Amino acid sequence: MAHLQLTALAGGRDDEMEEVSLLGPYGDAAEGPPGEVDEEAGMRRVQVRVTGMTCSACTGAVEAAVSARRGVRSVAVSLLQNRARVVFDPALAKDEDIVEAIEDAGFEAEILPDSAVSQPKSQKALSGQFRIGGMTCAACVNSVEGILKKLPGVKRAVVALATSLGEVEYDPTAISKDEIVQAIEDAGFEAALLQSSEQDKALLGLTGLHTERDVDLLHGILKKTEGLWQFDVNSAHTEVEITFDPEVVGLRSIVDTIEMESSGRLKAHVQNPYVRSASNDAHESSKMLHLLRSSLFLSIPVFFMRMVCPHIPFLNSFLLMHCGPFRIGGLLKWMLVSIVQFVIGKKFYVAAYRALRHGSTNMDVLVVLGTTASYVYSVCALLYGAFTGFHPPMYFETSAMIITFVLFGKYLEVLAKGRTSDAIKKLVELVPATAILLLKYKDGKYDGEKEIDALLIHPGDVLKVLPGSKIPADGVVTWGKSHVDESMVTGESLPISKEVSSSVIGGTMNLHGILHIQAAKVGSGTVLSQIISLVETAQMSKAPIQKFADYVAGIFVPIVITLSFLTFCTWFVCGSLGAYPNSWVSETSNCFVFSLMFSISVVVIACPCALGLATPTAVMVATGVGANHGVLVKGGDALERAQNVKYIIFDKTGTLTQGKATVTTTKVFSGMDVGDFLTLVASAEASSEHPLAKAILDYAFHFHFFGKFPSSKDDIKKRKEDVFSQWLLEVTDFSALPGKGVQCWINGKKILVGNRTLISENGVNIPEEAESFLVDMELNAKTGILVAYDGDFIGLVGVTDPLKREAAVVIEGLKKMGVYPVMVTGDNWRTALAVAKEVGIEDVRAEVMPAGKADVIRSFQKDGSVVAMVGDGINDSPALAAADVGMAIGAGTDIAIEAADYVLVRNNLEDVITAIDLSRKTFSRIRWNYFFAMAYNIVAIPVAAGALFPFTGLQMPPWLAGACMAFSSVSVVCSSLLLRRYRKPRLTTVLQITVE
């Protein structure tokens, strides 16, 4: 592993590079003593008040004590000021360590919170995703989470058993990713960083890196690359991790530089973390299969010698022959099983030791206890027979078959768990591997094209998309016409027409024509990446119901070991006292062996893994299925709450309605010309972001300029921008009043455009004729926009927003599902009631301000009811956050989507029913999973302990108990996989409508 830091420490020779913080204070260096060298970036500086110093010997003692601490770079103590100035590495030491060192030296110490010493530029917390291997049950998850949360600098840690992933939020100034990996490995698990949230780091795969000469060549190229801060070459894996300044050099430039400077000998490509993760999954599966095959190859002969050979005379005679004091059969079993026990089964011993060392227990402990007990007894029986001539029964096959069956179960579990993440794999596969980049001449014309890695696309790149190929990034069409299939991302089944200025989504399929698109969002900023991120985050989260499994997992293994010990004691004591007939024990056995077999069966048959897998596997499959249907869930807790929704609050504009308001009526109640009236209103609304303002502006524009523009869409847009500044009047002192309207000054006179409240508050009288006209409009579900100019009412504008075609059916469907719909809107009562009547909502709250929507939700929550909110706008964000389940329409604003628990990508209200139905089906499956897991252990452990033996003579051999344990966790995973068959509920089914 080669490593190079491309920045030298400040304070070196004049010809060396210096790292200077341009934004940092420059006076700090003067505070230190003469000749002090500036510390490197990332160091923490603190001032400490030291009490009790009386002379220079005291200051020397303090300096010596603090300097001896690991991570301390410099310390300066002032006797007169009773202060110490300490610079240290926060990754190696903490404030408390400095205080402890001074107090150990015999003085009192206190960190000064109002320290004047400047701190290095704070870094934001990073989020790293780590692959964690070796976890088998919920106890392992609890152990890893507990260790991670205790690390200094770690703010949050979530570990998912189903994906073998951990997400850690940490402060990079306090702890590094390598230290996190080391901590996980010290706990007995395998760990590797998959990806982090740092935007200026990348992992490049290399081809052509074979010799030390190639490595030296790569070093030379990277050293000379401007903007590259640091790199780390791993020649064993032919990878290089680079840290670079994206403002100075782009990733594509670095890749091209490596290829050009090496004359084509070295080629670099960006490593996709998802592809890397998939290869790790394949490697883990392959490794488990290899162990299983080896164990099976050695165990079958042992099982054959035990079960079959005694019935074949010549083979039985051969196995009973002696080789020294030992029988050949016993010797062969010992040799074969020893390999299975200690070579193939080494992973169980290592995992069990590490778990016990950290005070936790897991399934590996049970496997080790059961197999070791069987193996040790069999070895003792073999040696006893060799030296006494009396050969008690041996159970070598028990330990071998237990390990084989456990490995078989783990292999099936790995395969099944891999299938639970199929949704993410399918989403990742939507992104094309390459893209066609159009190259420009200096004069702006395109010179040619070049195929590049899709991960190297930069914002602003113009890309060529051929018919039948996938769009590589989010962007805007700059040339061409086509239809695009967006069903794989949005769930919309019909192809969408695309032309110049149309936006396109990366990963969607171009169907017919050639398109040129300009990339707008790339990498983690694309819609598809955000969907993948949402799904991953949801799969990483824990549903509250999982707390039950975590609690049980923590006490499960000690309880099972106790039950096993009690089983042995009960059978052995009863046998010794003659409580059961000697005929129960075979002639070749004895009371001790008879009791031991029951005890081993209890240890081996118990399975904590099934409980640990019950929730995460189901949540994982459900979130993936939801994504495929255009319903993105942000976490298992949201998924759990949605099943119990009692009230669902709908915003009106943009949620129940299409959000495409159009002006239907204009009425002037003064002598003003209609054109002048519309110009006045449009000028006032031009600075507003409200949808109704846009509708008024468009209507006024078309009123003045209809038929005066060419038909081309681009030309209309250009001319529109040119004309806007010419026909609109100059506005001053504009202000938007939420829930009321806007006010501003035009030609030195105040103009008000809004609802009744705004007009009334400003003392403007509304004529009876206007009031009557306004009431008629509102009764017909139209919104009236009132206009006052210079203190007089001058007219009104009628605006309507058509209902979504599915709104009424969805409301009826929700009622059938036992969910009570409510409409909350800032619109007036008459319009709100008219819309509610049309869709079938009985409970309406109108004229509600944005903050008031959250209060409405809290009023429904008072009796403990679960309340969902469906909205799309910025003014819905407080309500979405206040609701137990917030659902944002996908076509809405980013702020609304950020505040919500569910994102409905398709902007279709039918997905509200899908979200609730999916939640109910998922948690029904989880409850079944828990039932299977609990019922298995409740039934299996007594059977293994011999509870049925006195009545039926049924005794479960330990190897069969191992097979049952292996298949129990597999059965739970397969149960969760049944959710992949989920289908969206048809409205005809929900409404109980029979279609002839």
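# A guided tour of the predicted model

At a relative accessibility of 34%, Ile 555 counts as partly exposed, because buried would require under 20% and exposed over 50%. The structure on the screen is a predicted model. Ile 555 is a suitable residue to select as the tour begins.

**Stop 1: a nonpolar patch**

Show helix 16, residues 546–576, in which Ile 555 lies. Then add the side chains of Tyr 551, Ile 559, Leu 563, Phe 565 and Leu 566; with Ile 555, these residues form a nonpolar patch on the surface. Together the patch has about 590 Å² of accessible area.

Next, select Cys 569. Cys 569 is partly exposed, with a relative accessible area of 25%. For contrast, select Cys 140, which is buried at a relative accessible area of 1%. How many disulfides does the structure hold? The number is 0.

**Stop 2: one helix, two faces**

Select helix 2, residues 95–104, and colour its buried residues: Ile 98, Val 99, Ala 101 and Ile 102. Turn the view until it looks down the axis of helix 2: the buried residues fall within an arc of 160 degrees, so they line one face of the helix. An α-helix has 3.6 residues a turn, so residues three or four places apart point the same way. Which exposed residues does the face turned away from the buried side of helix 2 carry? Select Glu 96 and Asp 104 to see them.

**Stop 3: an open sheet**

Move on to an open sheet of 6 strands, which has the order 17-16-18-24-19-22 and antiparallel pairing. Its edge strands are strand 17 (446–453) and strand 22 (503–504), each of which pairs on one side only. Strands of a sheet pair through backbone hydrogen bonds, either parallel or antiparallel.

Follow the pairing across part of this sheet:

- Select strand 16 (residues 434–440) and strand 18 (residues 462–465); they run antiparallel and are joined by 2 bridges. Ile 436 stands opposite Lys 464 in strand 18.
- Add strand 24 (residues 515–521), which runs antiparallel to strand 18 and is joined to it by 4 bridges. Here Lys 464 stands opposite His 516.
- Add strand 19 (residues 474–479), which pairs with strand 24 in the antiparallel sense over 5 bridges. Trp 479 stands opposite His 516 in strand 24.

His 516 is therefore a useful residue to label, because strands 18 and 24 are paired, as are strands 19 and 24, under the rule of at least two bridges.

**Stop 4: salt bridges**

The structure holds 23 salt bridges. The next selections show several of them.

Return to the edge strand 17 and select Lys 450, together with Asp 256. These two residues form a salt bridge, the closest N and O atoms being 3.7 Å apart. The pair links distant parts of the chain: Asp 256 is in helix 6 (residues 251–261) and Lys 450 in strand 17, 194 residues apart. Asp 256 counts as partly exposed at 22% relative accessibility, and Lys 450 also counts as partly exposed, at 34%.

Now select Asp 911 and Lys 984, which form a salt bridge with the closest N and O atoms 3.3 Å apart. This pair, too, links distant parts of the chain, with the two positions 73 residues apart in numbering. Asp 911 belongs to helix 31 (residues 910–944), while Lys 984 is in the loop between helix 33 (958–977) and helix 34 (987–990). Is Asp 911 buried or exposed? Asp 911 counts as buried, at 0% relative accessibility, whereas Lys 984 is partly exposed, with a relative accessible area of 26%.

Remain on helix 31 and select Lys 921 and Asp 917. Their side chains meet in a salt bridge (3.0 Å, N to O). Both residues lie in helix 31, 4 residues apart, about one turn of the helix. Lys 921 is partly exposed, with a relative accessible area of 42%, and Asp 917 is buried, at 12%. Then select Arg 756, Glu 771, Glu 778 and Arg 830, which are joined into one network by salt bridges that share partners.

**Stop 5: a buried proline**

Finally, select Pro 821 in strand 33 (residues 820–824). Pro 821 is buried, with a relative accessible area of 2%. Add Val 810 and compare the C-alpha atoms: Pro 821 and Val 810 are 11 residues apart in sequence and 10.0 Å apart in space.

Terms used:
Residues are numbered from 1 along each chain as its sequence is written. This is a predicted model: local features need pLDDT of at least 70, side-chain atom pairs count only at pLDDT 80 or more; totals for chains, interfaces and linings use all residues. Side-chain values use heavy atoms; hydrogens and water are left out. Patches are made of residues with over 30% relative accessible area and no salt bridge: like charges are joined within 9 Å, nonpolar side chains (Val, Leu, Ile, Met, Phe, Trp, Tyr) within 5 Å. Accessible areas come from the Shrake-Rupley method with a 1.4 Å probe; for residues, only the protein chains shown count as cover. A salt bridge is a side-chain nitrogen of Lys or Arg within 4 Å of a carboxyl oxygen of Asp or Glu. Buried means under 20% relative accessible area, exposed over 50%, partly exposed in between (1.4 Å probe, protein chains only). The arc is that of the directions from the helix axis to the C-beta atoms. A disulfide is a pair of cysteine sulfur atoms within 2.5 Å.
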